[in-house]
Amino acid sequence: MTRSSSPPLLSVRGLDTFYGSSQILFDLSLEVARGESVALLGRNGAGKSTTMKSIMRIAPPRHGTVAVAGQEVSRLRPDQIAHIGLGYVPEDRQVFKLQSVEGNLRLGMKKGPQGRDDWPLERLYELFPLLAEARHKSAGLLSGGQQQMLAIARALAGNPELLLLDEPSEGLAPVIMDQIQALILQLRAQGMTLLVAEQNMRFCLDIASSVAVIDHGSIVFTGSLQEFRANPEVASRYLAV
Ligand SMILES: Nc1ncnc2c1ncn2[C@@H]1O[C@H](COP(=O)(O)OP(=O)(O)OP(=O)(O)O)[C@@H](O)[C@H]1O
(Lines give C-alpha, C1' and ligand atoms only; values in the text may rest on other atoms or scores of the structure.)
Protein backbone atom coordinates (compact mmCIF):
# COMPACT_ATOMS: atom_id res chain seq x y z
CA MET A 1 0.00 0.00 0.00
CA THR A 2 3.03 2.25 0.07
CA ARG A 3 3.59 4.52 -2.89
CA SER A 4 6.97 5.98 -1.93
CA SER A 5 10.38 4.44 -2.63
CA SER A 6 11.51 4.28 1.04
CA PRO A 7 10.65 0.99 2.78
CA PRO A 8 7.19 0.86 4.35
CA LEU A 9 7.16 1.35 8.11
CA LEU A 10 5.71 -2.15 8.45
CA SER A 11 6.19 -4.88 5.89
CA VAL A 12 4.71 -8.31 6.56
CA ARG A 13 5.53 -11.01 4.02
CA GLY A 14 4.23 -14.54 3.63
CA LEU A 15 3.26 -15.33 7.23
CA ASP A 16 2.17 -18.86 8.05
CA THR A 17 1.18 -19.06 11.71
CA PHE A 18 0.04 -22.16 13.58
CA TYR A 19 -1.47 -22.88 16.98
CA GLY A 20 -0.23 -26.43 17.55
CA SER A 21 -1.05 -28.27 14.37
CA SER A 22 -3.81 -25.82 13.27
CA GLN A 23 -2.73 -23.37 10.63
CA ILE A 24 -4.37 -19.97 11.26
CA LEU A 25 -2.54 -17.59 8.87
CA PHE A 26 -1.82 -18.57 5.28
CA ASP A 27 0.87 -16.71 3.33
CA LEU A 28 -0.33 -13.42 4.82
CA SER A 29 1.25 -10.22 3.52
CA LEU A 30 0.50 -6.64 4.51
CA GLU A 31 2.16 -3.23 4.33
CA VAL A 32 1.69 -0.05 6.32
CA ALA A 33 3.33 3.11 5.00
CA ARG A 34 4.50 5.82 7.39
CA GLY A 35 1.64 8.15 8.32
CA GLU A 36 -1.00 5.73 7.08
CA SER A 37 -3.89 4.36 9.12
CA VAL A 38 -4.71 0.84 7.96
CA ALA A 39 -7.91 -0.92 9.02
CA LEU A 40 -7.54 -4.69 9.19
CA LEU A 41 -11.14 -5.83 8.84
CA GLY A 42 -12.46 -9.34 9.19
CA ARG A 43 -15.16 -11.45 10.74
CA ASN A 44 -14.93 -13.04 14.15
CA GLY A 45 -12.19 -15.71 13.98
CA ALA A 46 -10.79 -14.52 10.63
CA GLY A 47 -7.27 -14.17 12.11
CA LYS A 48 -6.97 -10.46 12.98
CA SER A 49 -5.61 -11.01 16.51
CA THR A 50 -3.27 -13.74 15.30
CA THR A 51 -1.91 -11.32 12.68
CA MET A 52 -1.21 -8.72 15.39
CA LYS A 53 0.36 -11.37 17.65
CA SER A 54 2.50 -12.68 14.80
CA ILE A 55 3.80 -9.17 14.09
CA MET A 56 4.63 -8.76 17.80
CA ARG A 57 6.13 -12.30 17.90
CA ILE A 58 3.69 -13.33 20.66
CA ALA A 59 2.50 -15.98 18.18
CA PRO A 60 5.70 -16.33 16.13
CA PRO A 61 5.03 -17.30 12.52
CA ARG A 62 6.47 -20.56 11.22
CA HIS A 63 7.30 -18.93 7.89
CA GLY A 64 7.47 -15.39 6.61
CA THR A 65 9.05 -12.11 7.66
CA VAL A 66 8.12 -8.93 9.49
CA ALA A 67 10.20 -5.81 8.86
CA VAL A 68 9.91 -2.45 10.60
CA ALA A 69 11.39 0.44 8.59
CA GLY A 70 13.27 -2.13 6.51
CA GLN A 71 14.74 -3.98 9.51
CA GLU A 72 13.68 -7.58 9.89
CA VAL A 73 12.24 -8.17 13.35
CA SER A 74 12.83 -11.92 13.54
CA ARG A 75 16.58 -11.33 13.47
CA LEU A 76 16.48 -9.07 16.55
CA ARG A 77 16.90 -10.01 20.17
CA PRO A 78 13.81 -9.49 22.39
CA ASP A 79 15.41 -6.47 24.09
CA GLN A 80 15.96 -4.89 20.66
CA ILE A 81 12.36 -5.56 19.57
CA ALA A 82 11.17 -3.56 22.57
CA HIS A 83 12.84 -0.44 21.13
CA ILE A 84 12.03 -0.85 17.44
CA GLY A 85 8.96 1.33 17.56
CA LEU A 86 5.95 -1.00 17.77
CA GLY A 87 3.27 -0.13 20.31
CA TYR A 88 0.72 -2.88 20.84
CA VAL A 89 -2.68 -2.63 22.51
CA PRO A 90 -4.02 -6.17 22.91
CA GLU A 91 -7.70 -7.04 22.56
CA ASP A 92 -8.08 -7.65 26.30
CA ARG A 93 -6.14 -4.42 27.13
CA GLN A 94 -4.08 -6.08 29.88
CA VAL A 95 -3.87 -3.09 32.20
CA PHE A 96 -2.23 -3.83 35.56
CA LYS A 97 -5.38 -3.69 37.64
CA LEU A 98 -3.76 -3.34 41.07
CA GLN A 99 -1.46 -0.54 39.91
CA SER A 100 -2.56 3.09 39.73
CA VAL A 101 -3.24 4.73 36.37
CA GLU A 102 0.04 6.61 36.65
CA GLY A 103 1.84 3.41 37.70
CA ASN A 104 0.60 1.75 34.52
CA LEU A 105 1.85 4.65 32.43
CA ARG A 106 5.24 4.64 34.12
CA LEU A 107 5.57 0.90 33.52
CA GLY A 108 4.96 1.53 29.80
CA MET A 109 7.61 4.24 29.53
CA LYS A 110 10.63 3.54 27.40
CA LYS A 111 12.65 5.34 24.79
CA GLY A 112 11.63 4.82 21.17
CA PRO A 113 13.78 4.39 18.06
CA GLN A 114 16.79 6.76 18.02
CA GLY A 115 16.18 7.45 21.71
CA ARG A 116 12.93 9.27 20.98
CA ASP A 117 11.10 10.52 24.04
CA ASP A 118 8.01 12.23 22.64
CA TRP A 119 5.43 11.19 25.21
CA PRO A 120 6.16 12.53 28.70
CA LEU A 121 3.34 12.18 31.26
CA GLU A 122 2.15 15.77 30.66
CA ARG A 123 1.54 15.11 26.95
CA LEU A 124 -0.26 11.85 27.72
CA TYR A 125 -2.49 13.62 30.26
CA GLU A 126 -3.18 16.40 27.77
CA LEU A 127 -4.46 13.84 25.25
CA PHE A 128 -6.27 11.80 27.93
CA PRO A 129 -7.69 14.26 30.49
CA LEU A 130 -9.84 11.50 32.02
CA LEU A 131 -6.66 9.63 32.91
CA ALA A 132 -5.18 12.77 34.45
CA GLU A 133 -8.24 13.01 36.73
CA ALA A 134 -7.91 9.33 37.65
CA ARG A 135 -4.11 9.27 37.91
CA HIS A 136 -4.06 7.93 41.50
CA LYS A 137 -6.93 5.46 41.04
CA SER A 138 -6.33 1.71 40.71
CA ALA A 139 -6.62 0.75 37.05
CA GLY A 140 -8.98 -2.08 38.01
CA LEU A 141 -11.55 0.49 39.14
CA LEU A 142 -11.72 2.20 35.74
CA SER A 143 -14.59 1.65 33.31
CA GLY A 144 -13.98 -0.43 30.16
CA GLY A 145 -13.60 2.71 28.06
CA GLN A 146 -11.15 4.26 30.51
CA GLN A 147 -9.14 1.02 30.57
CA GLN A 148 -8.99 1.13 26.76
CA MET A 149 -7.70 4.71 26.98
CA LEU A 150 -5.13 3.64 29.56
CA ALA A 151 -3.98 0.76 27.37
CA ILE A 152 -3.52 3.15 24.42
CA ALA A 153 -1.77 5.75 26.59
CA ARG A 154 0.55 3.09 28.04
CA ALA A 155 1.49 1.97 24.52
CA LEU A 156 2.20 5.60 23.56
CA ALA A 157 4.43 5.94 26.63
CA GLY A 158 6.78 3.50 24.86
CA ASN A 159 7.29 6.07 22.07
CA PRO A 160 6.13 3.88 19.18
CA GLU A 161 6.28 4.85 15.53
CA LEU A 162 3.50 2.40 14.74
CA LEU A 163 0.56 1.69 17.00
CA LEU A 164 -1.21 -1.67 16.63
CA LEU A 165 -4.71 -1.60 18.11
CA ASP A 166 -6.57 -4.90 18.39
CA GLU A 167 -10.36 -4.35 18.38
CA PRO A 168 -10.33 -1.06 20.28
CA SER A 169 -14.13 -0.73 20.05
CA GLU A 170 -14.87 -4.17 21.54
CA GLY A 171 -17.33 -4.17 24.41
CA LEU A 172 -17.70 -0.39 24.53
CA ALA A 173 -20.96 1.57 24.59
CA PRO A 174 -21.49 3.70 21.44
CA VAL A 175 -20.78 6.99 23.22
CA ILE A 176 -17.46 5.63 24.55
CA MET A 177 -16.62 4.21 21.11
CA ASP A 178 -17.04 7.75 19.75
CA GLN A 179 -14.54 9.04 22.33
CA ILE A 180 -11.97 6.36 21.42
CA GLN A 181 -12.53 7.11 17.74
CA ALA A 182 -11.94 10.83 18.36
CA LEU A 183 -8.72 9.99 20.20
CA ILE A 184 -7.47 7.82 17.35
CA LEU A 185 -8.25 10.66 14.93
CA GLN A 186 -6.22 13.04 17.10
CA LEU A 187 -3.31 10.60 17.03
CA ARG A 188 -3.59 10.41 13.24
CA ALA A 189 -3.58 14.18 13.02
CA GLN A 190 -0.40 14.18 15.12
CA GLY A 191 1.25 11.90 12.53
CA MET A 192 0.98 8.49 14.23
CA THR A 193 0.99 5.45 11.94
CA LEU A 194 -1.74 2.98 12.83
CA LEU A 195 -2.80 -0.61 12.17
CA VAL A 196 -6.25 -1.17 13.64
CA ALA A 197 -7.87 -4.63 13.67
CA GLU A 198 -11.65 -4.44 13.87
CA GLN A 199 -14.87 -6.30 13.26
CA ASN A 200 -16.77 -3.05 13.51
CA MET A 201 -16.52 -1.63 10.01
CA ARG A 202 -18.26 1.66 10.78
CA PHE A 203 -15.90 2.38 13.68
CA CYS A 204 -12.89 1.64 11.56
CA LEU A 205 -13.72 3.37 8.30
CA ASP A 206 -13.91 6.77 9.96
CA ILE A 207 -10.29 6.45 11.09
CA ALA A 208 -8.72 4.58 8.15
CA SER A 209 -6.80 5.75 5.10
CA SER A 210 -6.44 2.19 3.74
CA VAL A 211 -8.21 -1.10 4.24
CA ALA A 212 -7.02 -4.71 4.33
CA VAL A 213 -9.64 -7.44 4.60
CA ILE A 214 -8.75 -10.82 6.13
CA ASP A 215 -10.76 -14.00 5.69
CA HIS A 216 -9.81 -17.49 6.89
CA GLY A 217 -6.27 -16.31 7.64
CA SER A 218 -5.53 -14.72 4.25
CA ILE A 219 -5.71 -11.16 2.99
CA VAL A 220 -8.45 -11.03 0.37
CA PHE A 221 -8.52 -7.28 -0.35
CA THR A 222 -6.20 -4.32 0.07
CA GLY A 223 -6.80 -0.83 -1.18
CA SER A 224 -7.39 2.77 -0.27
CA LEU A 225 -10.51 3.73 1.65
CA GLN A 226 -11.97 5.04 -1.61
CA GLU A 227 -11.24 1.73 -3.38
CA PHE A 228 -12.87 -0.19 -0.53
CA ARG A 229 -15.97 2.01 -0.67
CA ALA A 230 -16.13 1.62 -4.44
CA ASN A 231 -16.25 -2.20 -4.07
CA PRO A 232 -19.22 -2.86 -1.75
CA GLU A 233 -19.20 -6.56 -2.72
CA VAL A 234 -15.99 -6.97 -0.67
CA ALA A 235 -17.82 -5.97 2.51
CA SER A 236 -20.88 -8.05 1.71
CA ARG A 237 -18.80 -11.13 0.88
CA TYR A 238 -16.20 -11.04 3.67
CA LEU A 239 -17.63 -8.92 6.48
CA ALA A 240 -20.78 -9.31 8.51
CA VAL A 241 -22.84 -6.48 7.00
N1 LIG B 1 -4.49 -19.79 21.43
C2 LIG B 1 -5.18 -20.40 20.45
N3 LIG B 1 -5.12 -21.73 20.26
C4 LIG B 1 -5.80 -22.33 19.27
N5 LIG B 1 -6.59 -21.67 18.37
C6 LIG B 1 -6.69 -20.36 18.52
C7 LIG B 1 -6.00 -19.63 19.55
N8 LIG B 1 -6.29 -18.32 19.43
C9 LIG B 1 -7.12 -18.21 18.36
N10 LIG B 1 -7.36 -19.42 17.82
C11 LIG B 1 -8.17 -19.70 16.63
O12 LIG B 1 -7.57 -19.03 15.54
C13 LIG B 1 -8.56 -18.48 14.66
C14 LIG B 1 -8.31 -17.01 14.47
O15 LIG B 1 -8.48 -16.37 15.71
P16 LIG B 1 -8.18 -14.82 15.92
O17 LIG B 1 -8.36 -14.51 17.37
O18 LIG B 1 -6.90 -14.47 15.29
O19 LIG B 1 -9.36 -14.17 15.08
P20 LIG B 1 -9.93 -12.70 15.09
O21 LIG B 1 -10.17 -12.35 13.65
O22 LIG B 1 -9.06 -11.81 15.88
O23 LIG B 1 -11.33 -12.89 15.78
P24 LIG B 1 -11.92 -12.25 17.10
O25 LIG B 1 -12.66 -11.09 16.65
O26 LIG B 1 -12.80 -13.35 17.62
O27 LIG B 1 -10.78 -11.94 18.02
C28 LIG B 1 -9.90 -18.81 15.29
O29 LIG B 1 -10.40 -19.98 14.66
C30 LIG B 1 -9.57 -19.10 16.73
O31 LIG B 1 -10.47 -20.04 17.29
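1. Axes here are lines fitted to C-alpha atoms, for helices over the stretch in contact, and angles run from 0 to 180 degrees between N-to-C directions. The model is predicted. With that in hand, take the helix pair. The axes of helix 6 (residues 144-157) and helix 7 (residues 174-189) come within 10 Å. They cross at roughly 15°. Angles under 35 degrees count as roughly parallel. Helix 6 and helix 7 are therefore roughly parallel to each other. The crossing of helix 6 past helix 7 is right-handed.

2. Which residues make the contact between helix 6 and helix 7? From helix 6 come G145, Q148, M149 and I152. Helix 7 answers with I176, Q179, I180 and L183. By class, this contact holds five nonpolar and three polar residues. Charged residues are absent from the contact of helix 6 with helix 7.

3. Helix 6 also packs on a sheet. It lies across strand 6 and strand 7 (162-166). Its direction is at about 165° to strand 6. Angles over 145 degrees count as roughly antiparallel, so helix 6 and strand 6 fall in that class.

4. The sheet in question is open and has six strands. The strand order is 6-7-8-3-9-10, and the pairing is mixed. Strand 6 (86-89) and strand 10 (218-224) are the edges, each pairing on one side only. From one strand to the next, the twist averages 15°.

5. At one end of this order, strand 9 (residues 210-215) and strand 10 run antiparallel. Six bridges join strand 9 to strand 10. Within this pair, V213 has F221 in strand 10 as its bridge partner.

6. A second open sheet has four strands. Its order is 2-1-4-5, with antiparallel pairing. Which strands sit at the edges? They are strand 2 (22-32) and strand 5 (71-72), each paired on one side only.

7. Now the pairs of the four-stranded sheet. Strand 1 and strand 2 run antiparallel and are joined by seven bridges. V12 has L30 in strand 2 as its bridge partner. The hairpin of strand 1 and strand 2 has two residues between the strands. There G20 takes a positive phi near 60°.

8. Strand 1 also pairs with strand 4, in the antiparallel sense, over five bridges. D16 is bridged to H63 in strand 4. Strand 4 (residues 63-68) in turn pairs with strand 5, again antiparallel, over two bridges. V68 stands opposite Q71 in strand 5.

9. Helix 1 (residues 48-55) lies across strand 1 (10-19), strand 2 and strand 4. Helix 1 runs at about 70° to strand 2. Angles of 65 to 115 degrees count as roughly perpendicular, so helix 1 and strand 2 belong to that class.

10. Last, the ligand. Which residues come nearest to the ligand? Of the 13 residues around the ligand, these are Y19, G45, K48, S49 and T50. Strand 2 and helix 1 are the elements that give two or more residues to the shell. Helix 1 gives the most, with three residues. By class, the shell has three nonpolar, eight polar and two charged residues.

Notes. Residues are numbered from 1 along each chain as its sequence is written. This is a predicted model: local features need pLDDT of at least 70, side-chain atom pairs count only at pLDDT 80 or more; totals for chains, interfaces and linings use all residues. Two strands pair if DSSP finds at least two bridges between them. Two residues are in contact if their C-beta atoms, placed from the backbone, lie within 7 Å. A residue is near a molecule or strand if its C-beta atom, placed from the backbone, lies within 6 Å of it. Ala, Val, Leu, Ile, Met, Phe, Trp, Tyr, Cys and Pro count as nonpolar, Asp, Glu, Lys and Arg as charged, and the others, Gly among them, as polar. A crossing is left-handed if the near helix is turned anticlockwise from the far one by less than a right angle, and right-handed if clockwise.
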